[in-house]
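Student: Could you take me through one part of this model in close detail? I'd like to look at where the two domains of chain A meet.

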Amino acid sequence: MAETKITINGQEHTVPVSDDATLLWVLRDDLKMKGTKYGCGMTECGACTVLIDGKPGRACVTPLSAVAGKEVTTIEGLGDEENPHPLQQAWIEAGAPQCGYCQSGQILAAKALLDSNPNPTDEDIDEAMSSNICRCGTYTRIRQAIKAAAGQQS
Amino acid sequence: MATRITESSLSRRSLLKASGAAAGLAIAFRVPVRARQATPEPSPDLGVVNSRGIDYNGSIVFHPLGNEVDAYLTIGEDGKVTLKTSKMEFGQGIRTGFMQIVAEELDVNVEDVIVDMGQTDVAAPEFGTFGSLSTQMSGPVFRQAAATMRAWVLELAAEDLGDSVDELTIESGVVTGPSGSRTFAELASGKASEREISQEVALKDPADYKIVGQPLPRVDLAAKATGKQVYGIDVEVEGMVYGKVVRPPSVDATLDSVDFSEAESMPGVVGTVHEGNFAAIVAERKDQVEAAIKAVKASWTESGSTITSETIFDVLKETADDGQPLDEEGTAGDPDAALANVEGAETYTYLLPYLSHSPIEPKSAVVDVREDGVDVWVSTQDPFSSRAAVAKHLGRDESEVIVHGMHPGGAFGSKIVPQVELEAATISKGVGRPVKLIWDRIEEFMFGQFRPAMRIEITAGLDENNAIAGWRYDAYTGGYYPEGAKVPTGSASDWSANIHEIYPDVAETKTTLYNGVTPLPPYFWRVNGATSNTFARESTIDILAEKAGMDPVSFRDTMLENNPRLAAVMHAAVDSAGWTPGVGSTGEGFGLALGFDANTYIAQVAKVEVDAETGELKIVQFDVALDPGLAVNPEAIKHQIEGGVVQSLSAVLREEVKFENGKLTNGTFSQYAPILMRDAPPVINVTILSDPTQPMGGIGEPGVAPVIGAVANAVYDAVGARMFRAPFTPERILAALGKDTATPES
């Protein structure tokens, strides 16, 4: 039986699939990390955003072979309800989520932005967040949350 | 105290037992329910899952509180208060709101109230979660149930302590009197008692509220910010396999033949299903089913529909039925006669496209069909509709089916319709295993339902006093689906069509809704027709204001004398925006629209910038004022209003389902192009004029309806372009400015 090794949130896992398996479904179905969401399967909505060596990537079209030897960060790698990451804390304080389904991807896109640009302008935020769709209309709160988190970091 | 109804005692007891509330104290109450009846004659395909889904066209009949249905508010032996409801949370904040309502009336801490949602074997068949009705309709019942429970625990404590009830106080679930105190846990301990809800028990004076009216953070924020919230798509059960439906190239196609021979031998494939118009393949893993479906060969006969997203607006009028009057009893006037001699009376025609709900979580379900019962896990707005449809579809008794209603990842009306769970049920029955079915994005765009296109014609003019002399309102919507259907599917296109809902004194009005043919299945989308009707009405009011030589606010004031709550929110929104309105197009870019929906009064002022060279429209600011009566959670209300504004702005700026030959030509996110963060207004100010003595109004939908009208009026104020067709693309704005566009409108 095929096996592939991958590193998720700093931990190495061996999964019972060949390396052409899709990262999204391995995360969700083999590793039971369901915070990464399926939205479109064609890179257009951002719900499955994960960080691959710190850069936003789309798990829905990423084969395991593309992350071999790389560090993948999912929403589970940031913080949990008891100890949220500062960005997650900013999200909670801004009351950003509505249905919440897109928010894992939004938070990871924001993390990639702030990691590379700790004090983004409004234009920087719009640009970095322009591939993540929210249908509930929480953009205004997400922007507030990013600014609040950026303020804390600087 | 109400009399017991014998027939319901048994079911109530079994419900109580099933709810795990046998120990402790339970208040039995009744909730508003809706009748589940499919009025149109079933089409031949009904009962077999087909490419367009089934059973969605049952019209909704609202029933008042019944005698036979019971639900419970309980205090367990641990002192926790539990409310079981079939209402669903999907970000509107009703879970938190219900917790506040119960905690307030019962004087417990909010965190000691558990709201258990969506499980059909323990909850009562309340209305589904739509129409901004949850707090409005169930809220008062829960409040009364909690008040009844409060009276009961006071009685028990008085007995226990030897004090009189009026010497006792309750704080944080502890009853205290001169002789000591008792916790709710102590009072419920060792009991297994049940009482009826009492309408005689007095409710708390809203002036004494400490919890209701507080802007509490919604209780699920942390789970949603950490990826821990569980949605329907996240459900996994033992032995589960993945299904995938074989889809036609266009809607309403008929399956002629299907060939699984190549697909069947692919890795992981465990079975296939073919039943009438429905075919599906099943594999162990998601990747495997995705690969296998590509190898399935199917041939279809397509409907050959010739209607397109451009011709639909003529089709709606050409195929219109005789129409249904929407005037209140005895108020229809004769606008044609009234306007016959009015100079400058005109007809204004507004066009609104089909819209897609497109929640980010597509439709998904896990269904396990077994000999001994059926379990359904589905992201749904209405678990009991789901149960009824699955039972009927499988020919099982409803008591054999348990629907585990799951938190939807966005819904907007699309997750009322039982569809994906019926498909998953067919597949599970076929392969004898629990099946997970997740629609992909193409399926989500093409094979669900749509907010129908509308064509609205308003004929109006002013009398010599600059009052409206007559108002003829003809709304055309798509109801007859599929083409050739004899009974229209309701999609609430009539909502807010009657001008008297806003301006009660306009004379000589006549309002008619006509249903025509629609090639795409119509269904509820957010506030349904109210968005379209509000756009048409509020645009025309602005046109008439200018003709009257008045500014939009003063002109509306002349018509709102008998609608003071709406007048109040209008002025609050105008003040919030810092707008001094002028007559006609002032170049300022402000626009106003009013709405009334779900017993909530709302006014919105849009501030826009329009580039007259490129036609680009930018939303700069939104100011909203609303009066929802008793405001349970102002923070949740603000967020709902913000979300409603932003989603509706997406429809203003971009959204338009395009189709020809029965297929969508922009059925992906990149083509449909909902708005992104860069398009959303940086500032949305929400002012709540709350009157705690008034009934609780709905929140989810009122914020959606006025947006298009407010933006249309703002575009006119900015550059003098009157918009009659949504969305307001740069091409359409340039055309409205009388400028040629390089590319013809498509």
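**Where the domains of chain A meet**

Tutor: Sure, let's dig in. On one side of this contact sit 14 residues of domain 1 of chain A, and they touch 13 residues of domain 2 of chain A. Keep in mind that we're looking at a predicted model. On the domain 1 side, the elements that put in two or more residues are a pair of strands of chain A, β3 (49–52) and β4 (55–58). Of these, β3(A) brings the largest share of that side, with three residues. As for chemistry, the domain 1 side that touches domain 2 of chain A is made up of seven nonpolar, five polar and two charged residues.

Now step back to the domains themselves. Domain 1 of chain A runs over 4–77, and domain 2 of chain A covers 86–153. Going by C-alpha atoms, their centres lie 21 Å apart.

While you have chain A on screen, have a look at its contact with chain B too. There, 46 residues of chain A and 46 residues of chain B take part. On the chain B side, helices α5 (221–225), α7 (286–294), α16 (634–653) and α17 (669–672) each give at least two residues. Here the largest share belongs to α16(B), which supplies eight residues. Sorted by class, the side of chain B that touches chain A has 20 nonpolar, 13 polar and 13 charged residues.

Methods. Residues are numbered from 1 along each chain as its sequence is written. Chains are lettered from A and ligands numbered from 1 in the order in which they are written. This is a predicted model: local features need pLDDT of at least 70, side-chain atom pairs count only at pLDDT 80 or more; totals for chains, interfaces and linings use all residues. Two residues are in contact if their C-beta atoms, placed from the backbone, lie within 7 Å. Helices (H or I, at least four residues) and strands (E, at least two) are DSSP runs, numbered from the N terminus. Ala, Val, Leu, Ile, Met, Phe, Trp, Tyr, Cys and Pro count as nonpolar, Asp, Glu, Lys and Arg as charged, and the others, Gly among them, as polar. Domain bounds come from an automatic or database domain assignment.
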